[in-house]
Every structure is written in structure tokens, then in C-alpha cells.
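The following exercises are to be worked with the sequence and the coordinates at hand. Each task is followed by a solution in steps.

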Amino acid sequence: MNTQPTVWGGANSGEGQFAGMGVAALIQAAIANLTAAIPDTSGIPTAVYLPGLQFSGSVAPGAAILQPASLTITAWITASGPQVGYPALVSYGLDTPPSYESYILQAASVDGNSSAQMYFLTGTGVWSGSVYGTTKLQPNVQYFLTATYDAVAGVASILVDGLREGSLSIKPAPLYYPSGSGLGIGRKFSSAANNFTGSVSPAIYPVVLTDAQIYTLYQAGILSPHIPAAIAQLTSALALL
């Protein structure tokens, strides 16, 4: 049995890069490492719509700023239970024939399992496409869902937790926006038939983000909320020395 105390900062303590440092220096180094661990999102374009956490059933009137030719939709979601049908997470457009959603990110229920899906309307409203993710979305688990549409390349993609899971190529054309369209969060703008049960925190970008930028946003969302508290604890510990 080893009865010798562990000596942090000692030459033989096995701390690698921290060997030889005192407790105060160790805490300062930990603070610096935590700060450096925050992903750099400074090069990512600004979202045109970035509200705080919302629950099912929020709607807003249409706005030109939410009608880009190409776009990226992101949403942190947590379902509070199993979903039924095609509950909308972020939707813009109408849900009445002959027009439908210009773009919609939804948790489509397929074979009893929910997965991320993007549906979109392009050109003069007669072309459309749909692309699915492969992850089976579970209740009470947080996911970072992303949908992109590139009007120049004619490519739509679905990413889950920063990783691409599905892509679709169609005839390149801008997204189509029928008159009277509006935004829905956790539901469709003109229909409450497909509400999402849970919480949604969305963002809409008027550009196509790269896979690397999307993964950076995911990492920032996972890590950043925990770093300030960790830094505060270490700073308090340092003040007591």
C-alpha cells in the first residue's frame, strides 16, 4: 500500500507538461487551457435569425431577410417524448396547396423512428426535394440538426451533431417563396397539425455553411456552456491560495 502523499508539481509526479509547477501555476495553466479550448466561431457568417430557446408553437410573419436563395438552418432540439407524423422544427412558407413550405427542417417519423429531414421548394414552386438523416432521434436527448440548400450547386444536405448524413442533388434554382409565407418554430406557420413536442433553439443563415463551420458550431455549443463555470471555479480556487 502506498502511504506517500501525491505531490502535485513535483519533478516525479508524472504530470507531463505541468511537472515542476506549483498549485497556483497549475490552476492558471488550466484556466488558459480551458479558454483556448473554446472553438473559434469568428469566421462563421452571422445568422439572420437566432432566437433563444423556444418551445413548440411559435410563429412570426414573413420577412425578406428570411427568404434567401440558399441557406443553412441549425437547431438544437430535445424531444420530450416520441414524435408522430412530420413535426416541424423550423419552417418557412405555407402549408396550403398549391404552395407548401419554402424550407422546413422536421423530425420525420419513419417506421416508428424519427429522423432529421429537410423539405424545400425551388424555382417557380414546381420543383421540390427532400433529404433525410440516418440517426434515429431519441426522446430526452439533445441533438444539433443542420440542413443546407445550395441554389448554385443544387445540393441539399442534412447533418446531425456536425456530421453529414444525407445529400440530394437537384436542378439548381433559388428557393421559392409564395406570398403570405411566414416562419414557424416547432410547428408550421399556417398549420398546427404537425407540432414538435419538446424544445427548439434555431438559427437561420442566408448562406451555405461548410461542413467544417457546422462542426465548429456544434463543438462550440457542446463545450462553451460548461467552460465559464469551470473557469469561475478555478479562479475561486486560485483566490484562496
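**Exercise 1: Ser114 and its surroundings**

Ser114 is a residue of strand β6 (residues 113-122); strands (E, at least two residues) and helices (H or I, at least four) are DSSP runs, numbered from the N terminus. The model is predicted, so that local features need pLDDT of at least 70 and side-chain atom pairs count only at pLDDT 80 or more, while totals for chains, interfaces and linings use all residues. Residues are numbered from 1 along each chain as its sequence is written, and side-chain values use heavy atoms, with hydrogens and water left out.

*Task.* Determine whether Ser114 is buried or exposed, and state which residues Ser114 touches.

*Solution.*
1. Buried means under 20% relative accessible area, exposed over 50%, and partly exposed in between (1.4 Å probe, protein chains only).
2. The relative accessible area of Ser114 is 9%, and therefore Ser114 is buried.
3. Contact means heavy atoms within 4.5 Å. Leaving aside residues up to four places away in sequence, Ser114 touches Gln83, Ala107, Ala108, Ser109, Thr135, Lys136 and Leu137.

**Exercise 2: Lys136, a contact of Ser114**

*Task.* Locate Lys136, classify its accessibility and give its C-alpha distance to Ser114.

*Solution.*
1. Lys136 belongs to the loop between β7 and β8.
2. Its relative accessibility is 41%, so Lys136 counts as partly exposed.
3. Lys136 and Ser114 are separated by 22 residues in sequence, and their C-alpha atoms by 5.6 Å in space.
4. With residues up to four places away in sequence not counted, Lys136 touches Asn113, Ser114 and Tyr143.

**Exercise 3: Positive phi**

*Task.* Describe the phi values of Asn140 and Asp161.

*Solution.*
1. Most residues other than glycine have a negative phi.
2. Asn140, in the loop between β7 (127-132) and β8, has a positive phi near 65°. At 60% relative accessibility, Asn140 counts as exposed.
3. Asp161, in the loop between β9 and β10 (163-169), has a positive phi near 50°.

**Exercise 4: Helix α2**

*Task.* Compare the expected span of α2 with the distance between its end C-alpha atoms, then list its buried residues.

*Solution.*
1. The expected span is 1.5 Å times one less than the number of residues.
2. For the 13 residues of α2 (residues 211-223) this gives 18 Å, and the end C-alpha atoms are 18 Å apart, which agrees.
3. The buried residues of α2 are Ile214, Leu217, Tyr218 and Ala220. They cover an arc of only 165° around the axis, which puts them on the same side of α2; the arc is that of the directions from the helix axis to the C-beta atoms.
4. These buried residues pack against β3 (71-79), β8 (142-150), β9 (155-160) and β12 (198-205).
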